[in-house]
Amino acid sequence: SCYATYEPLPQDGMSGVKNGQPHGHGIMRFKSSHLIPGTQDCTAEAGEWVNGMWRDGKINVGTWYRNDGNQVIVKLGQRYNK
């Protein structure tokens, strides 16, 4: 996509990609401000990244590494409480 790059990290026989979508273990690195797919209002900024398990292009559960040094656990359907 244009807002992020996705790096599959094959694990347990899963490829990290399914039908061209993140699926399985991988890292999404954001190039511009964008909603983390699958969350309700967790907006990653350019330079931030999420390492986790993806399902059909959406985060299932993972860690959001923010530019301010904080690490935030993100899950499918989650809102972000600042």
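## A walk through the strands, starting at Thr 63

Thr 63 is found in strand β7, and this residue makes a handy place to start looking around the predicted model. With a relative accessible area of 16%, Thr 63 is buried. Leaving aside residues up to four places away in sequence, Thr 63 touches Trp 49, Val 50 and Asn 51 on the one hand, and Gln 71, Val 72 and Ile 73 on the other. Two of these names, Trp 49 and Asn 51, will come back below.

Before going further, a word on confidence. The protein averages a pLDDT of 92, and 96% of the residues score at least 70. Strand β7, where Thr 63 lies, has the highest mean pLDDT among the elements, at 97. At the other end, strand β2 (residues 16-18) has the lowest, at 87. Where pLDDT is low, predicted coordinates should not be read in detail.

Now let us turn to the aromatic rings. The structure holds 3 aromatic pairs. One of them joins Tyr 6 and Trp 54 in an edge-to-face arrangement, with 6.1 Å from centre to centre and 80 degrees between the planes. Tyr 6 belongs to strand β1 (residues 4-8) and Trp 54 to strand β6 (residues 49-55), so this pair ties together parts that are 48 residues apart in sequence. The two partners differ in their exposure: Tyr 6 counts as partly exposed at 22% relative accessibility, whereas Trp 54 is buried, with a relative accessible area of 3%.

Another of the pairs is stacked: Trp 49 and Tyr 65 have their ring centres 4.0 Å apart and 10 degrees between their planes. Because Trp 49 lies in strand β6 and Tyr 65 in strand β7 (residues 58-65), the pair ties together parts that are 16 residues apart in sequence. Trp 49 is partly exposed, with a relative accessible area of 25%, and Tyr 65 is also partly exposed, at 22%.

Trp 49 has a charged partner as well. The charged end of Arg 29 sits over the ring of Trp 49, 5.3 Å from the ring centre. A comparable arrangement involves Arg 66, which lies over the face of Trp 64 at 5.2 Å from the ring centre.

From Trp 49 we can move along to Asn 51, and from there to a histidine. His 25 lies in strand β3 (residues 21-30) and is buried, with a relative accessible area of 17%. The side chain of His 25 makes a polar contact of 2.9 Å with the side chain of Asn 51. Beyond residues up to four places away in sequence, His 25 touches Tyr 6, Pro 8, Leu 9, Pro 10, Gln 11, Gly 16, Asn 51, Gly 52 and Met 53. Tyr 6, the edge-to-face partner of Trp 54, is thus among the contacts of His 25.

Strand β1 also holds Thr 5, which counts as partly exposed at 38% relative accessibility. Thr 5 touches Ile 27, Met 28, Arg 29 and Lys 31, not counting residues up to four places away in sequence. Arg 29 in that list is the residue whose charged end sits over the ring of Trp 49. Thr 5 and Gly 47 are 42 residues apart in sequence, and their C-alpha atoms are 11 Å apart in space.

Next comes a loop. Glu 45 is found between β5 (43-44) and β6, and is partly exposed, with a relative accessible area of 37%. Setting aside residues up to four places away in sequence, Glu 45 touches Phe 30, Ser 32, Ser 33 and Asn 67. With Ser 33 there is a side-chain to side-chain polar contact, at 3.4 Å. The C-alpha atoms of Glu 45 and Gly 62, which are 17 residues apart along the chain, are separated by 16 Å.

Finally, what about the cysteines? A search of the whole structure finds 0 disulfides. Why is Cys 2 not bonded to Cys 42? The sulfur of Cys 2 is 20 Å from the closest cysteine sulfur, in Cys 42, and that is too far for a bond, since a disulfide needs two sulfur atoms within 2.5 Å. Their surroundings contrast too: Cys 2 is exposed, with a relative accessible area of 68%, while Cys 42 is buried at 1%.

How values were computed
Residues are numbered from 1 along each chain as its sequence is written. Side-chain values use heavy atoms; hydrogens and water are left out. Buried means under 20% relative accessible area, exposed over 50%, partly exposed in between (1.4 Å probe, protein chains only). Rings of Phe, Tyr and Trp (its six-membered ring) pair if their centres lie within 6.5 Å; planes under 30 degrees apart count as stacked, over 60 as edge-to-face and the rest as tilted. Helices (H or I, at least four residues) and strands (E, at least two) are DSSP runs, numbered from the N terminus. A charge sits over a ring if NZ of Lys or CZ of Arg is within 6 Å of the ring centre and within 35 degrees of the ring normal. A polar contact is a pair of N or O atoms within 3.5 Å; within protein, one must be able to donate a hydrogen and the other to accept it, and residues adjacent in sequence count only if both atoms are side-chain atoms. Contact means heavy atoms within 4.5 Å. pLDDT is the predictor's confidence in each residue, from 0 to 100.
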